[in-house]
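Hi everyone, thanks for coming. I'd like to walk you through one structure today, so please have the view open and follow along.

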Amino acid sequence: MTEVGLELLVCRDLRIGRGGEALLPPFDLTVRAGELWAVIGRNGSGKTTLLRTLLGLLPPVSGSVTLGRPNLKFAYLSQRAGLDEFYPLLGEDVVAMGCERGWSFARPRGKDLRQRVERALSEMGTQQFGLEPYGSLSDGQKQRVMFTRLAVSDAELLLADEPTSAMDMVAEREAFRLLDRIRHERGLGIVIASHFLGLAQRLADRVVLLDRDAPAVVIGTPGEVFAHAGFRDNYGAVDDAPAHG
Amino acid sequence: MTPPRTADQELPPGLSPDDLILAPASSANPPPARDEHVHEAIRAHELQEQAGPSWADFAQGWDRGIYRDPVVCGGLAGLVLGLLGVFIVLRRAVFVTAAVSQAAGLGVALAFYLAIHHALDVPPVLAALVLGVTATVSLALPVHKLRLPRESALGLCFIAASALAVLVGDRISQEAHDVAGILFGTAVLVRRTDLWAVGIVGGVTTLVVAVFYRGLVFAGFDPEGAKVQKLPVRGLNLLFWALVAIEVSVATRALGALPVFAFAVIPAMAALPLVRRLPYALVGAALIGGLSGALGYLFAFFFQFPVGASQAAVAVAIWLVTLPFGALGRSR
């Protein structure tokens, strides 16, 4: 378990964007172990760009993203529910990918790994999807398999891009409950981009509001961000704001 | 194609070339009974020619190694290319194989050209390898910076290699048959060195795929997820395409571009819809590829067709046979 409060990711004067063009003004943020950050904003506000920059998949336009320690273990749940349905893989094959790290794929897979996969499938209630071809699952079921892949991994920092967009409300609630549990059990740091404001309101420790119209990046506790004029301009007062969608 | 023949096979069994020097026949000098026997033997041989080659002919050639080497070579190349083909098809890179095999064909043609016109002894398999790998590397260049999709680079590579191979072939008329063999797979015989090259490269390729299997699958299925989990995605991709380039180059030298392209695509197309798990697809595609290579040669032998086209046609025929089963599997 990662020590809660340990710095996992530190951004200084970070400007995100594509092709050298900044989308938003520079900002600082520090993600610590055990924290859940919600990234909110309208479509095209730069949520995915922010996550991809934090993961190192996109270079920052300026500023820096520093890992709290070398070899920090990331996991990523991408926006796409379906990855590549042409691959003849079962759900459990996809879940087992969560156990890979670095060159581990070149070592024979042990019995303990199989048990880890089975345990994660059982805990997530996704056993029935484990033996189904991944490509034949619905988008919501695929996302649940991807959550199971996260559960089986030894990641210290999870970045998820609208990971429940295709789930029904019950499955979504279950998924967030699982994330909340894992972050407390393992000290997992979590950054989630989501349109689900209920997540930010109920579970998040910190919220990042990306507003390209202003343009502005508002960072604070849920209460601070929901009281900000930029939030009210986009979503109205928090009581009027849609809890879902 | 007619089955390859050695000099002593040209005549019916029991006859020597001397038997064909016949004395002119006339009423004063009737042909001896021995000549009557020769005429009958030749007529029988002609009838046999019309009926086509027999299993006995094949068995005789097999024992001498004339047919054994190409059958084994076709089978081995089909096996390994079938295996690689599953990854190629899943990575939506089917035409990479076509472009690389054409480039390898150009390499072989260039080797002939250099030997004939410049007395430079470049091993054709080496030239195939250099051009095949160069084509693979050039396909990885960032063409998107020119605002062009990757398929356009594939098309350019394929067209340039094909055109140059034909142009080079035009300047080496005495080897034109070999160039045609390389490009379209009409080569009947396989050199022992090419067989060894196909065998060794195939063995190494299979071993590497087995060891790096999980990495190759993860990097292909979810490249971003694999990158985030610190898998060497770029290295794995590079390794995979290097394996494809080497295997395709060596197999193209031995069999020709057409069957190589066919083995890298069709067995995977046949196997993938039939199975629920990737390892089974790899085994299935390898078996179908191997079968296409070997049966294709037999088909060409008995029906006197070009070998490469026969091997490709057999692969297509197997795909057609598997098609209903694949459709059935999907509908379940």
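Helix 4 and helix 12 of chain B are roughly antiparallel to each other, because an angle over 145 degrees counts as such and theirs is about 155°. Before I go on, please keep in mind that this is a predicted model. Helix 4 covers residues 94-118 of chain B, helix 12 covers residues 257-271, and their axes are 9 Å apart. If you look at the handedness, the crossing of helix 4 and helix 12 of chain B is right-handed.

Which residues of these two helices meet? On the helix 4 side you'll find B:Val94, B:Thr97, B:Ala98, B:Ser101, B:Gln102 and B:Gly105. Facing them from helix 12 are B:Ala257, B:Val260, B:Phe261, B:Ala264 and B:Val265. By class, the contact of helix 4 with helix 12 of chain B has 7 nonpolar and 4 polar residues, with no charged ones.

Let's stay in chain B for another helix pair. Helix 9, residues 213-221, and helix 11, residues 233-255, have axes that come within 10 Å and cross at roughly 105°. That angle makes helix 9 of chain B roughly perpendicular to helix 11 of chain B. Helix 9 brings B:Gly215, B:Leu216 and B:Ala219 to the contact, while helix 11 brings B:Val233, B:Leu236, B:Asn237 and B:Phe240. Here the residues of the contact between helix 9 and helix 11 of chain B divide into 5 nonpolar and 2 polar, and again no charged.

Now please turn to chain A and its sheets. One of them is an open sheet of 6 strands with mixed pairing, in the order 7-8-9-5-10-11. At its edges are strand 7 (74-77) and strand 11 (216-220) of chain A, each pairing on one side only. On average, neighbouring strands of this sheet are turned by 15° against each other, direction ignored. Inside it, strand 8 (residues 157-161) and strand 9 (residues 189-193) of chain A run parallel and are joined by 5 bridges. For an example you can click on, A:Leu159 has A:Val191 in strand 9 as its bridge partner.

There is also an open sheet of 3 strands in chain A, with the order 4-1-6 and antiparallel pairing. Strand 4 (27-32) and strand 6 (62-67) of chain A each have a single partner strand, so one side of each is left without a neighbour in the sheet. The twist in this sheet averages 5° from one strand to the next. Strand 1 (residues 7-15) of chain A runs antiparallel to strand 4, and 5 bridges join them. Across that pairing, A:Leu14 stands opposite A:Phe27 of strand 4.

How is chain A divided up? The domain assignment gives domain 1 as 1-73 + 155-245 and domain 2 as 85-154. The centres of these two domains of chain A, taken over C-alpha atoms, are separated by 25 Å. In their contact, 12 residues of domain 1 of chain A touch 12 residues of domain 2. Helix 6 (residues 169-186) of chain A gives the largest share of the domain 1 side, with 4 residues. That domain 1 side has 9 nonpolar, 1 polar and 2 charged residues.

Last stop, the contact between the chains. It takes 20 residues from chain A and 21 residues from chain B. On the chain A side, the largest share, 3 residues, comes from strand 7, the edge strand we met in the sheet of 6 strands. By class, this side of chain A has 15 nonpolar, 2 polar and 3 charged residues.

Conventions. Residues numbered from 1 in each chain as written. Chains lettered and ligands numbered in written order. Predicted model: local features only at pLDDT ≥ 70, side-chain atom pairs only at ≥ 80, totals over all residues. Axes fitted to C-alpha atoms, helices over the stretch in contact; angles between N-to-C directions. Parallel < 35°, antiparallel > 145°, perpendicular 65-115°, else oblique. Contact = placed C-beta atoms within 7 Å. Nonpolar A, V, L, I, M, F, W, Y, C, P; charged D, E, K, R; others polar. Pairing = 2+ DSSP bridges. Left-handed = near helix turned anticlockwise from the far one by under 90°. Domains from an automatic or database assignment.
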